[in-house]
Amino acid sequence: MIRSFGLWLLCLWLPCSATATERILALSPHVCEMLYAIGAGDEVVGAVDYCDYPEAAKHLPRVGSYTGINLEAALRLKPTMAIISGTSAQKTQLEALGIRVIRSAPQSVDEVLADILRLGGLTDHIRQANTLAENMQQRLDHLYKVSHKQPKKMFYEIWNDPLQTVGGKGFINDLLQRAGLKNVFASIPLETPRVNIEAVLRAAPDIVIIPSEHRDVAARKRFWKHWLGDDVRIIVVNPDLMHRPGPRIIDGIEALQKALEAAP
């Protein structure tokens with residue numbers, strides 16, 4: 001658990017010195033959300049595609065996407081810091097240009113809270129970050145009391161062609177567990193492994209979760225009802241709340257729990 005004193009301990013060993021002139025590239029949607037949530041939005045000078053929350057983030061200059069960074073466009077913004085979730089190659093490229101690089105790639109809900117605190121220290125928004133992390137922890141504590149019962153077996157359809165799901169590695173599996181669900185493929189030590197329909201049938205999930213992005217949700221519901229029977233429950237979720245390890249993951253857990261409590 002992250003408590004109020006956690007930030008001060010964190011700053012004993014993390015570089016928490018920031019200047020009022022920081023110019024930050026937020027190179028992942030979850031990073032963008034974290035920075036705005038702790039009051040550092042005015043320091044963000046550039047972002048990547050899909051940095052669309054909050055509303056102000058939609059108007060930031062774009063310097064790349066998941067596939068890569070446009071270094072010339074980034075340099076024109078005169079950044080002093082870049083916060084990435086990507087590869088060491090990306091880090092090396094940016095550092096070669098004299099930009100301070102911080103990596104944020106949380107692998108659990110607790111690591112999301114820790115990164116919020118860390119970014120608060122790095123941007124000199126300690127108080128706001130601490131308040132946000134405390135609020136999120138309190139909501140998590142309440143959710144644990146609600147979800148602490150026999151978990152239901154669940155299959156999460158990350159993508160349908162090829163069929164991909166959530167494995168045991170990464171924050172999405174942790175989020176699902178906190179919502180009171182048992183991931184039928186948690187034993188696979190990958191974030192988004194490929195599976196086949198036969199493996200899903202053998203796992204016999206009680207619930208199928210479908211993110212509502214880039215697919216025909218109605219067709220996917222029919223597909224799973226056909227293979228798993230009419231008794232299987234289908235829950236549709238907002239992918240922005242489930243796939244971004246940022247401040248809104250608690251909203252994602254709460255929405256899942258409400259869907260589970262609702263009538264099938």
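Colleague: Is Arg139 buried, partly exposed or exposed?
Modeller: The model is predicted, so the answer is a computed one. Buried would need a relative accessible area under 20%. Arg139 has a relative accessibility of 22%, so the residue counts as partly exposed.

Colleague: Which residue forms a salt bridge with Arg139, and how many residues apart are the two?
Modeller: The partner is Asp251, with the closest N and O atoms 2.6 Å apart. Asp251 lies in helix H11 and Arg139 in helix H6 (residues 126–147), so the pair links distant parts of the chain. The partner is Asp251, and the separation is 112 residues.

Colleague: Which parts of the chain does the salt bridge between Glu33 and Arg244 tie together?
Modeller: The side chains of Glu33 and Arg244 meet at 2.8 Å, N to O. Glu33 is in helix H2 (residues 29–37), and the two residues are 211 apart in sequence. Arg244 is in a loop, so the bridge ties helix H2 to the loop between helix H10 (239–242) and helix H11 (249–261).

Colleague: Are Glu33 and Arg244 buried or exposed?
Modeller: Glu33 has 4% relative accessibility. Arg244 has a relative accessible area of 8%. The cut-off for buried is under 20%, so Glu33 is buried and Arg244 is also buried.

Colleague: Which residues are linked with Glu33 and Arg244 in a network of salt bridges?
Modeller: The whole structure holds 13 salt bridges. The network that contains Glu33 and Arg244 also takes in Asp52, Asp240 and Arg248.

Colleague: Over the ring of which residue does the charged end of Arg248 sit?
Modeller: Arg248 belongs to that salt-bridge network. The charged end of Arg248 is 3.7 Å from the centre of a ring, and that ring belongs to Tyr53.

Colleague: Is the pair of Phe155 and Phe185 stacked, tilted or edge-to-face?
Modeller: The structure holds four aromatic pairs. In this one the ring centres are 6.0 Å apart and the planes lie at 75°. Planes over 60 degrees apart meet the cut-off, so the pair is edge-to-face.

Colleague: How many residues apart in sequence are Phe155 and Phe185?
Modeller: Phe155 lies in strand E7 and is buried, at 0% relative accessibility. Phe185 lies in the loop between strand E10 (181–183) and helix H8 (197–203). The pair therefore ties together parts whose separation in sequence is 30 residues.

Colleague: Which residues do ring pairs link into a cluster with Phe155 and Phe185?
Modeller: Trp224 is one of them, and this residue is buried, with a relative accessible area of 0%. Another member is Phe223, and the charged end of Arg220 sits over its ring, 4.3 Å from the centre. The cluster thus adds Phe223, Trp224 and Trp227.

Definitions and conventions
Residues numbered from 1 in each chain as written. Predicted model: local features only at pLDDT ≥ 70, side-chain atom pairs only at ≥ 80, totals over all residues. Heavy atoms only, no water. Salt bridge = Lys/Arg side-chain N within 4 Å of Asp/Glu carboxyl O. Helix = DSSP H or I, 4+ residues; strand = E, 2+ residues; numbered from the N terminus. Buried < 20%, exposed > 50% of the residue type's maximum accessible area, 1.4 Å probe, protein only. Phe/Tyr/Trp six-rings, centres within 6.5 Å; stacked < 30°, edge-to-face > 60°. Lys NZ or Arg CZ within 6 Å of the ring centre and 35° of its normal.
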